[in-house]
Amino acid sequence: MRADLVIRGADIEDGDQPSRAADVAVTDGVITAVAPSLPVDACGEEIDGSGLLLCPGFIDMHAHSALRVFHDPLQHPKLAQGFTTELICPDGLGPAPLRPAGATDRRRYLTALEGPGPDNWDWESLGDFLDAVADQRPATNIVTCVPHSAVRDVVMGGGNRQADSREIAAMCAEVRTALAAGARALSFGLIYAPGLYADTAELIALAEVAAEYGAPLVPHVRNEAAGVLDSINEFIRVSELTGAPLHVSHLKLVGSPDLLEDLVGLMVDATRRIDVSFDHYPYGAGSTLLSALLPPWAADGGPAAILRRVHDQGERLRMVRDMENGLTGWENLYGACGPEGITVTDAAAPRQDTVGRTLAEIALAENLDPAVAVLDLLRDTQLAVGMIDHYASETTVRTLFAAPRGMVGSDGIFNPHPHPRLYGTAPRVLGRYVRDGVVARREAVARLTSRAADRLGLDDRGRIAEGKRADLVLLDPATFVDSATYEDPHRTPDGVRRVIVGGGTVIRDGEHTGLRAGVVTRTARSSAIPGY
């Protein structure tokens, strides 16, 4: 037997069966044999895996890397923690599909979340965008959602109104085209414009298209605070009516700890009724656009309209009043987290000096009401500000993490002062949470690998078996743990010996080799692919 690579004697764990010690042989980017004491006549490289843990490459179920790959295709923070596949365009947000006239507004709105991307956005369809991503030769494997807000913007613009039957049909056609071009899920972000203006009937119509492909609905629901139960129930109903699988993005509870037991109960009960799963990042703080602090009406008309409003004194007073007092049914992050619990992670010129500071600190230094400071930041940067928002205790986070059918999504954003989840998500799960007994090691690996692969219909990866793609993570389980913190977020974990993508070593002892061996999935999934 000949092989390009052989890993000897590692403890193999892929979440499907009990761990076992074995050798793994790889040739032409594919696992060709898994067995103890493999007889190999010649190989390009042999690695001693004794005392180490060998897992399939981790799958990030919530990645904001859609535009990052145009500036940094190496994706070191993701690969250094073991993520070899990323699901992009979550939260209903993404660069495509795109109407050319809306490119400037879309870029402005996404910059703090995804980065600006290339100088010229010369794509319109999601398929064309995936071609442009593939041209960058990313180091991670890229899989995409169809982003609902992008679809709605192409058909309807950024207005706050219900879609008519013609517009519903046009949006369904856009979703079908994108799924045929290789998208594996349909994402929603019902706190982001213009997706937040969709009614349930619109969600049902688009979900029917997703169901044709067996593609899961991946929503950031309307309200993750006091209205979280109703918001998740909205999508449970959509799934029941259409047969589309449901995968809830970053299951969380913003404040309202009294709802924790009911939320866990809702998710458990849903497993008896529909094909449901969720992803989770193991932190009690989120990270998103600072503009997410504004009341929903402020986004009517799109980013250009938001900018007009933050310059208008009357509209500013109205926004401040709503941020400080709240609105019925609105998830008010400003009110839930408070200005002392919100930190600026990125800010365009001329406000770069605010990065790493809380809204409370910025407001105090400028002798402003903190809500006014938010509006000034958005005005001065043309909306290009990111934030971290602290919303839950570690107890709440761990309780939700233990709910059944979970997976892992980093939700990592490449900011100058990022949330530590950009570097620490996988080692926090497989290191800290396993050691603390929050989850068993086998379950943690399943959430990171095989379960996620099944959810996305990626039958070529997620397990260590003959014929599977050789995406592998070799690590020291004694030292693999997160080290990134809110104060010092740019820290990769220890304990990663090798990360292998398509049979090639991308990370060696924590350092990037420069190899860019990722693939962009562009084949349509089929309704024949079994659900989760």
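Start with the lining of the largest cavity and colour its residues by type: you get 7 nonpolar, 6 polar and 6 charged. Keep in mind as you click around that this is a predicted model.

Now narrow the selection. Of the 19 residues lining this cavity, pick Tyr 192, His 220, Lys 252, Ser 287 and Thr 288, which lie nearest its centre. Which strand gives the most to the lining? Select residues 285–289: that's β13, and it supplies 3 residues. As for the space itself, the largest cavity holds about 140 Å³.

Want to see what else is hollow? Searching the whole structure at 30 Å³ or more turns up 3 cavities. The idea behind such a search is simple: rolling a probe the size of a water molecule over the atoms shows where empty space is left.

Next stop, helix α15: select residues 421–435. Put a distance between its end C-alpha atoms and you'll get 18 Å, while a straight helix of 15 residues would span 21 Å at 1.5 Å a residue. Where does α15 bend? Zoom in on Arg 428, where the bend is about 55°.

Switch on a surface here and check how covered the helix is. In α15, 12 of the 15 residues are buried. Arg 428 itself is one of them, and so are its neighbours in the selection Pro 427 and Val 429. The buried set also includes Arg 421, Tyr 423 and Tyr 433.

Last click: step just past the end of α15 to Gly 437, which takes a positive phi of about 80°.

Note on methods. Residues numbered from 1 in each chain as written. Predicted model: local features only at pLDDT ≥ 70, side-chain atom pairs only at ≥ 80, totals over all residues. Heavy atoms only, no water. 1 Å grid on protein atoms, 1.4 Å probe; cavity = no way out; pocket = protein on both sides within 12 Å on 5 of 7 lines; lining within 4 Å. Points joined across faces, edges and corners; volume = space filled by probe spheres on them. Helix = DSSP H or I, 4+ residues; strand = E, 2+ residues; numbered from the N terminus. Nonpolar A, V, L, I, M, F, W, Y, C, P; charged D, E, K, R; others polar. Expected span 1.5 Å × (residues − 1). Bend = angle between axes of the 7 residues up to and from the residue. Buried < 20%, exposed > 50% of the residue type's maximum accessible area, 1.4 Å probe, protein only.
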